[in-house]
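I opened this notebook to keep track of what I looked up, one entry at a time. The entries are meant for someone who has not seen this structure before.

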Amino acid sequence: MKISYAVFDPTKNITLLAVSPVARDTQAAAAAELMRRFPEVEQVGFLEPPDFSGAQLHLQMMGGEFCGNAAMSAAAYLAGQAGLPAGRSAGCSLTVSGAAGVLTCQVENTGDFCLGTVAMPLPETVGPIPLPPLNGKSFPEVPAVRFPGIAHCIVPAERMTRRQAEEIIRPLCASLSADACGILLWDAAAASFAPLVYVAATDTAVWESGCGSGSAAIGAYLALQPAAPSETALRQPGGVIRVRAERAGARIVRLSITGSVRELTRGEAVLSL
């Protein structure tokens, strides 16, 4: 099978978007092969015709999960296809696996890169959960933020090593019955985190350079704390993603992320499917 693809860099969370049609039942295998072939790629999404009135396209992620950075990349792809000039901005709409309804995105072409703002799906729940024990060691409960299609656990960085996170991410995802799961090693003093994201369908666990849904999870959690700011800049290995979260009482009612995204390359690949 020959497919055309485009590769984007949203906060160094390198994302490959398959532009050619790929059947849903072969997408997980196609994504796994593409990630083996291109080790710098952290995730794969598939562009499909829109399945909802008012959307310009549908983004189906490799495991059916939701991904904010991939949504931002898809928006930048639409802006590029439309020939958005430098210095101009445009809105676009798309549907994304793991999220209900149409997401709105704003893309500004700065000339060197695009600045994208994505309206994120709202958390289904925010609350403490137990983590699986590891080699007889138990961990304190941590905040978990569940979105449609993905759940993120916010773990203070001093409580867990990267190796420990890698060892518990699979049983954690299973215990949460989630399509995808993140462990976010959170340094509150530095407002920074390291995201490990596991996708069940492809059985891939990746330390991502930047995580849009992870940023949204931390932003939502912080917004529910007393005297919380409505906007937070979160540092991660690939750069900064800004999160804006608005609350009404104990609920998040609006949530968006803003970050930079660059198109790196386009090409074709022949897959052995």
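The entries below deal with a cavity, a helix and one threonine.

**Ground rules.** I am working with a predicted model, where local features need pLDDT of at least 70 and side-chain atom pairs count only at pLDDT 80 or more, while totals for chains, interfaces and linings use all residues. Residues are numbered from 1 along each chain as its sequence is written, and side-chain values use heavy atoms, with hydrogens and water left out.

**Helix α1.** I looked up the helix formed by residues 24-37 (helices are DSSP runs of H or I with at least four residues, strands runs of E with at least two, both numbered from the N terminus). Its 14 residues should span 20 Å at 1.5 Å a residue, and the end C-alpha atoms are 20 Å apart, which agrees; the expected span is 1.5 Å times one less than the number of residues. I noted that Gln27, Ala30, Ala31, Ala32, Glu33, Leu34 and Met35 of α1 are buried, that is, under 20% relative accessible area with a 1.4 Å probe and protein chains only.

**Threonine 95.** I found threonine 95 in strand β5 (residues 89-96), and there it is buried, with a relative accessible area of 4%. Its side chain makes a polar contact with the side chain of aspartate 51 at 3.0 Å (a pair of N or O atoms within 3.5 Å, where within protein one must be able to donate a hydrogen and the other to accept it, and residues adjacent in sequence count only if both atoms are side-chain atoms). Leaving aside neighbours within four places in sequence, I listed the residues in contact with threonine 95 (heavy atoms within 4.5 Å), among them Asp51, Phe52, His58 and Val102.

**Cavity.** I searched the whole structure and found one cavity of 30 Å³ or more (a set of points on a 1 Å grid over the protein atoms alone, where a 1.4 Å probe fits but cannot get out). The largest cavity has a volume of about 100 Å³, volume being the space filled by probe spheres set on the points, which are joined across faces, edges and corners.

Technical notes. On a 1 Å grid over the protein atoms alone, a cavity is a set of points where a 1.4 Å probe fits but cannot get out, and a pocket is an open set with protein on both sides within 12 Å along at least five of seven lines; lining residues have an atom within 4 Å of a point. Buried means under 20% relative accessible area, exposed over 50%, partly exposed in between (1.4 Å probe, protein chains only).
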